[in-house]
Each structure stands twice: as C-alpha cells, then as structure tokens.
Amino acid sequence: MTILDEIAARTRERVAEAKRKCPDPYQVLGGREVFRRCDRPSGRHTQGAFPFEKALRKEGTGLICELKKASPSKGLIAPDFQYTQIASSYDAAGADCISCLTEPYWFLGRNEYLTAVREATDLPILRKDFTVDEYMIHEAKALGADAVLLIVSILDPFELRDDLQTAEAIGLSALVEAHDEREIETALKAGARIIGVNNRNLKDFSVDVRHAGELRALVPEGVLFVSESGVRGRADVAAAEAMRADAVLVGEALMRADNRASKIRELRGRGPAVKICGLMTEEDARAVNAVRPDFAGLVFADTRHRVNRDQARRIREILDPAIRTVGVFVDAREEDIIPLLNEGTIDLAQLHGSETDDMIRRIREATGKKVIKAIIMDEDAPDPDAYPSADYLLFDAGRGSGRTFRWDLLAGEKRPAKPFFLAGGLNPDNVGGAAAAVRPFGVDVSSGVEDSSGRKSSEAVKAFAAALRPGGLERRSELRRTER
C-alpha cells in the first residue's frame, strides 16, 4: 500500500466519523454556516460563481499559494503556523489563489484553518484535501472554499464524474489532479475544466519539475492547466510560463521563506514594488507613467505635497490604469478617507499618524480596500504587531523628512512578518543597496526623485527604477489581484 492509499483510506474513516457526528455537512461548524458568496446551495449556481477559475483565466501564469503546516515527505514545515497572517501576506503580495490544507493526520490541517482564512481574505480558496466522498464537497462549501481537489488515482471514473457534477451544481470549481496520460484522459472524459499535474509522485514522493511539461500537450485549449509542486524559484515559474501553464501551485518554498511577500515577487520575476509618492501635478503623473511603478502616492495631509480631491482626480485620470493610487493621510477623519476609496480616486489608504488598528479595520470593512500603516522609526515607534488589520506596514524616518534610518532595525528576528515598504531618504544612488539589505516588499520615494523645483523628474524616476530592476525598465503586467 502506497502512502497515497494510506491517506485515502484514513480519509474515508474520517468522513465516516464526520457523517456519524454531523450527517448534514452544512452544519459542520456546529451550526454556523459560512457562505461569503452565496446562500446554502439550491442545486444551481448563479452568475458570478467559480471565482477560482476566473482567477486562473487571467493573462499569464498565476500563483496558487499554499498554506501547509506539514507534509508526509518533509514532516513539520511551519511550527509557528500563523495561517491567517500568512494568508493575508499572500493576498497583499499579489497571489491569485490560496490552497489550504485541511487533512489532519499527515499534513496537520484543520477545517477551522480554512474558515479563518476565508474571513481573512477574499482571494479564491482551494480546499486541499483528499476528496473521497461527496460529503467532503458539500463540507468544503460550508467551510467557505471556492474549489476542491479531486485526485484521479483515488476515485473511479464514475465517482470522478459525479463529484465534478456535484461541485459544479453548488458553485465550486474542481482542480482534477492527474499523474500520467491515462489519468489525464480519464479527467477529460469526466468533464474536468481544470487539470493539475503533480510534479511530486504521491506514491514515493519523489519530485520531477519537468513532469508537468511532458504532459502539457495532452490538455486541450479551454481546459485550465496547473503545474503542482516542486516550484522553488523563478526558474521553475519561468518553465511553467514556457509551457503555457495557467498557474503553478507553490507550497513548501513559500512556507519556508522568511519573507513570503518578497518570495512571491521573486517567483514572478520582479524586484521590490515601487511607490512614487507626492505627485502634485499632471506633469508629475506623466513622469511617473514613463516607468509605470506599482503605486503612486497622493498626499492629503498638510505638507508641501498636499493635493485636494479635485487635483487627485485629475492626476488619477492621467496615470496609467495599472498604477494603483495611494492616499496618504495623517490623523484624518474616517469620513474623509472612505469616500475617496469608494469612488476610486485612491486604491489604498496610507495612514501616517496615530491611527488605531480599530480605525484601520473600520476603513477596510467600509471599503474592501487595503490599508498601509506607516511607522516612524524613532524611540517612540509603536510595535508593528499593534496593527493586525493593516495589509502593509511602511517604515520611515519621519513624515517626508528625506532622512534614512538604521536599516538593520528591520533585519533578522526584528523583521516584520507582514509585507512592508521601506521609506526615508531613498534615491537612485542608495535604493539598490537598501533593497538588498532589507529585502522589503516595496520601496517608497518622494523627494529623492524630484528636481530643484520640487517636481518629479522623469530621469530620476527612471534611474530609481533602473537601480531596482537591472536589465531594462519594461514593466510586466503588475500584481494580478486588483484591489477589492
């Protein structure tokens, strides 16, 4: 008996026990049903369903980022398994989907992990478990999943077909995992819309990252193709791109990374995210468009870079649509921030004062948009952990002071778990060294790319980007996840 056979057999025992304790899978959480996108299924799905598939149909090769505490081959991978925090960092870094292990014996997963992750992110979630019974598909729906895993080798063709139909009827996608030509043929005959080829042999757990490429041609156009397991670095993702994979599933490499947000950007072939702050004029917007950074900052606080609502709207109209605008505020009222987010003038809010985590939470709940919390690195600097509701942190020496601070304060054990921006005194000459030393998710610059008149210099902006992205300034399609 292989390990896969053992896991499947133990899962059948687990499902039998679950059925005995809770015959209705929609009561799996003790009576609390969890549906973020639809009510209890009525046998048909509504328009707008299947977000997992929609995420994978976007241009390019997507990233399915996995939450995995342990595995049969590696044992304990993440002793400190902060699953909601990790899921939020995946979301903030631009993951396309999340895979959440719920198998409890070999992978140390729990159903409650998925439910908590569902509350922490709106990214589509794959329930990664060894589905052996229709009960588990309904259970996945109740837990808040958007997709389930169906492994061809542990299901007969009739079970596979029925499970696919059950999943579709309740609005769930199914990632159908195959390992060879025969299993791909079985998956296609059953009606699979997403086929994943696991580069890990689940019988002996050996890994061959070339395996998916050898089978890619067997999956026709229109059926999504996912390369699973064995992705360690950028070269592996590039190989998946070359084979026209719609997505790769990445687990251990992310779980072991000391900076998961930076690892995601590395896998995509990108350096740190670039934020050019302090745009005041249409000319500034055009200078920034020449490089197309990830973010552009519009300051609504009382500084020399301040813009009003009308100015911000005009700048937003000129900026490349791929550039996300960040509104910078210092102790502003929520009622002044929320309308700007909801109307689309800004895509994110950056809070640079004494704002509380409760305020951040309320802004996120009212808008569905992400929030950056700035922390001034002085003797009174607050604990970064005091802002669990923030999507990103930003570390600065002051509010537009143009000074640097000791970058080693963000190194080693002091390194924040949450994705963060480095700011303060950055310019084209020092940003490369700063990024190498700190390895932030992103860098933030304002006065460091201005000319003597205080306007953004297109030459300085280009030089700043070049220092981070050697080999050219052509910017690829940026973070796929649009702000919600």
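Start with the largest pocket of this predicted model, which has a volume of about 730 Å³. To find its middle, select S88, R364, P388, S389 and A390, which among the 33 lining residues are the closest to the centre of the pocket. Then colour α3 (83–93), α4 (111–120) and α15, the elements that each give two or more residues to this lining. Of these, α3 deserves its own selection, since the largest share of the lining of the largest pocket, 5 residues, comes from α3.

Next, turn from open space to enclosed space. The structure holds 2 cavities of 30 Å³ or more, and about 310 Å³ of space lies in the largest cavity. Select E66, K68, K128, R200 and S229 to reach the middle of the largest cavity, as these are the closest to its centre out of the 27 residues that line it. Adding β6, β10 (247–250) and α10 (252–255) to the view shows the elements that give two or more residues to the lining of the largest cavity.

With β6 and β10 already selected, bring in their neighbours. Strands β1-β4-β5-β6-β7-β8-β9-β10, taken in that order, form a closed barrel of 8 strands with parallel pairing, and from one strand to the next the twist averages 25°. For a closer look at one pair in this barrel, select residues 147–151 for strand β6 and residues 173–178 for strand β7, which run parallel and are joined by 5 bridges. Within this pair, click on L150 and look across to β7, where its bridge partner is V176. Now add helix α6, residues 157–169, which lies across β6 and β7 and runs at about 175° to β6.

A second barrel comes next. Here 8 strands close up in the order β11-β12-β13-β14-β15-β16-β17-β18, again with parallel pairing, and the twist averages 25° from one strand to the next. Select β13 (residues 324–329) together with β14 (residues 348–351), a parallel pair joined by 4 bridges; in β14, L348 is the bridge partner of V326. Over this pair, show helix α14 (residues 334–342), which packs on the sheet and touches β13 and β14, its direction making about 155° with that of β14.

Which residues of α14 are buried? Show the side chains of E334, I337, I338, L340 and L341, which are the buried residues of this helix. Looking down the axis of α14, you will find that these buried residues fall within an arc of 165°, so they line one face of the helix. To see what they pack against, display α13 (309–318), β13, β14 and α15 (357–367) around them. Before leaving α14, step just past its end to G344, which takes a positive phi of about 90°.

The last stop is α13, one of the elements against which the buried residues of α14 pack. Select A312, I315 and R316, which are buried in α13. Seen down the axis of α13, its buried residues fall within an arc of 100°, so they too line one face of their helix. Finally, add α12 (282–289), β12 (295–299) and β13, which are among the elements that cover the buried residues of α13. Strand β13 thus stays in view from the earlier stop, where it was paired with β14.

How values were computed: Residues are numbered from 1 along each chain as its sequence is written. This is a predicted model: local features need pLDDT of at least 70, side-chain atom pairs count only at pLDDT 80 or more; totals for chains, interfaces and linings use all residues. Side-chain values use heavy atoms; hydrogens and water are left out. Two strands pair if DSSP finds at least two bridges between them. Axes are lines fitted to C-alpha atoms, for helices over the stretch in contact, and angles run from 0 to 180 degrees between N-to-C directions. Contact means heavy atoms within 4.5 Å. Buried means under 20% relative accessible area, exposed over 50%, partly exposed in between (1.4 Å probe, protein chains only). The arc is that of the directions from the helix axis to the C-beta atoms. On a 1 Å grid over the protein atoms alone, a cavity is a set of points where a 1.4 Å probe fits but cannot get out, and a pocket is an open set with protein on both sides within 12 Å along at least five of seven lines; lining residues have an atom within 4 Å of a point. Grid points are joined across faces, edges and corners, and a volume is the space filled by probe spheres set on the points.
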